[in-house]
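Biologist: I keep meeting words like "buried" and "salt bridge" and I'd like to know what earns a residue those labels. Can we go through a structure together?

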Amino acid sequence: MDRQQENNGFGPFSKRRGNASLIAALLVVAFCAVVHLKIAHSTGNHQGRDEVFFLLFISALLTLSLAVGEVVRRACLGIEEIRHKQTRYEGSWMKVFNSTFAFKYARTILVVGVASFLIVSFALYLDCNTFCRAEYAIFFSLNCFLAPQLLFLVGLRELSRVEVSEINERENKNVADGLAWSYYFGYLKLVLPNLEDQIVRSEHYRYKITKKKLFILLPKNCYTYATIEEADPRITVAGNLPSYDIDRGGILKRSYKHTVHKIEIPGPDGEVNEYHVLLEYATPLMSLFDMSEHAECGLSRQERDEQVVLFTRKLEEILEECEDCKGKYELVPISGKKAPMGERGGRDQNGIADVLVRIHTDQKLQLEDEDANPES
């Protein structure tokens, strides 16, 4: 089966990034250390110096120069931030300093820097004539002052798309993360805990709705039709549940209500099977679609496809952590392609009606199996 046809035509879901890049970096460091030891050993004993100690000195000198170079580079960044001290940092020098010189692993960097400084100092104390050489001083100064600034000026320090994506994903700074949290706090957290009560209050639909869940459609292309019937004509609006009113955001008795949709599927015997479901699009995806259509937003269609996957994954993580929402929703990823009018979506197998019927059918089969094997 084509991977792009998984999840009802939505495509495969990506997993969170792991530590493979860190492991690869450690392997490269270990490989380089071994190679340099072999080279040092094959070229003699460096006029009486121990090869391992010489390699340790060079590594410490390089590490110290890179650390100092990064501090110098950030000091250059701080020059610009000082100009915005009043507007961005409330006039606080401490906030300017913390913003410019904050490191995620500050303690580790400090320990490594101090250790490197002590190793270099010990080497100079042990044999100043050997280690205090002009080429080492030039090497140190170039790494401190020239190399970092040149890399910054020509743009080689710019993060790759992978790194930006990884940082945003790790720190919940993706557009998708914000939309998922907003959708949860502004809507789902309010309506899902009361969903069953709303169904019970409806005399007309309390027995027709067999799956007491809110089905949330997640089209891959993020396009949401004004009515679901436009996407799949086999799904029609049957009515609404009683509204749920709360005071929120300065609006008295703000009304929340769910639309009941009816699915009609012809059976093999010619009889039309009906299913009543609570169905709606994930409305934040409308914003993602609009952002991808406007150049000013800076969101390409490829980035939109990535964001909708992250949105779906993040939304599921949020809802699974909420005890009041568990079992009251069903995320339904779909391709977003419109069902052919002539075929009424019947041959696509990934039409909205087909997907929802499969969900109902699978549940019924599971219940039948449980009834047949009560001990299991």
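**What earns the label?**

Modeller: Let's start with a pair: Arg 74 forms a salt bridge with Glu 70, and their closest N and O atoms are 2.9 Å apart. Keep in mind that this is a predicted model.

Biologist: What makes the pair Arg 74 and Glu 70 a salt bridge?

Modeller: The cut-off is 4 Å between a side-chain nitrogen of Lys or Arg and a carboxyl oxygen of Asp or Glu. Arg 74 and Glu 70 have N and O atoms 2.9 Å apart, so the pair fits the definition. The two residues sit four apart in helix α2 (residues 51-82), which means about one helical turn separates them. Arg 73 joins in too: Glu 70, Arg 73 and Arg 74 are linked in a network of salt bridges.

Biologist: Are Arg 74 and Glu 70 buried or exposed?

Modeller: Buried means under 20% relative accessible area. Arg 74 has 17%, so it counts as buried, and Glu 70, at 15%, counts as buried as well.

Biologist: How many salt bridges does the structure hold?

Modeller: There are 13. Another one joins the side chains of Lys 326 and Glu 323, at 3.7 Å from N to O.

Biologist: Why is Glu 323 called exposed, while Lys 326 is called partly exposed?

Modeller: Exposed takes over 50%, and partly exposed runs between 20% and that value. Glu 323 has 61%, so it is exposed. Lys 326 has 37%, so it is partly exposed.

Biologist: On to helix α12 (residues 284-293). Which of its residues are buried?

Modeller: They are Pro 284, Leu 285, Leu 288 and Ser 292. Seen down the helix axis, they fall within an arc of 105°, so they line one face of α12. The cover over these buried residues includes α9 (175-191), β1 (214-219) and α13 (301-321).

Biologist: How do you know that Ser 292 is buried?

Modeller: Its relative accessible area is 11%, and the limit is 20%, so the label holds. Leaving aside neighbours within four places in sequence, Ser 292 is in contact with Leu 299, Ser 300 and Arg 304.

Biologist: What makes the pairing of Ser 292 with Arg 304 a polar contact?

Modeller: The side chains come to 3.2 Å. The cut-off for N or O atoms is 3.5 Å, with one able to donate a hydrogen and the other to accept it, so the pair qualifies.

Biologist: And the nonpolar core, which residues touch the most other members there?

Modeller: In the largest nonpolar core, of 38 residues, those are Leu 188, Leu 192 and Phe 311. Helix α9 gives the most to this core, with nine residues. Apart from it lies another core, of 20 residues, including Ile 228 and Tyr 275.

Biologist: What does Leu 192 touch, beyond residues up to four places away in sequence?

Modeller: Its partners are Leu 214, Leu 319, Asp 324, Cys 325, Lys 328 and Tyr 329.

Biologist: Last one: what is the phi of Glu 90?

Modeller: Glu 90 has a positive phi of about 55°, although it is not a glycine. Glu 90 sits in the loop between α3 (85-88) and α4 (93-101). Lys 253 also has a positive phi, near 55°, but its place is in strand β4 (residues 251-256).

Biologist: Why is Lys 253 called exposed?

Modeller: Its relative accessible area is 62%, and exposed means over 50%, so the name fits. Glu 90, at 64%, counts as exposed too.

Terms used: Residues numbered from 1 in each chain as written. Predicted model: local features only at pLDDT ≥ 70, side-chain atom pairs only at ≥ 80, totals over all residues. Heavy atoms only, no water. Buried < 20%, exposed > 50% of the residue type's maximum accessible area, 1.4 Å probe, protein only. Arc of directions from axis to C-beta. Contact = heavy atoms within 4.5 Å. Core = buried A, V, L, I, M, F, W, Y, C linked by side-chain atoms within 4.5 Å.
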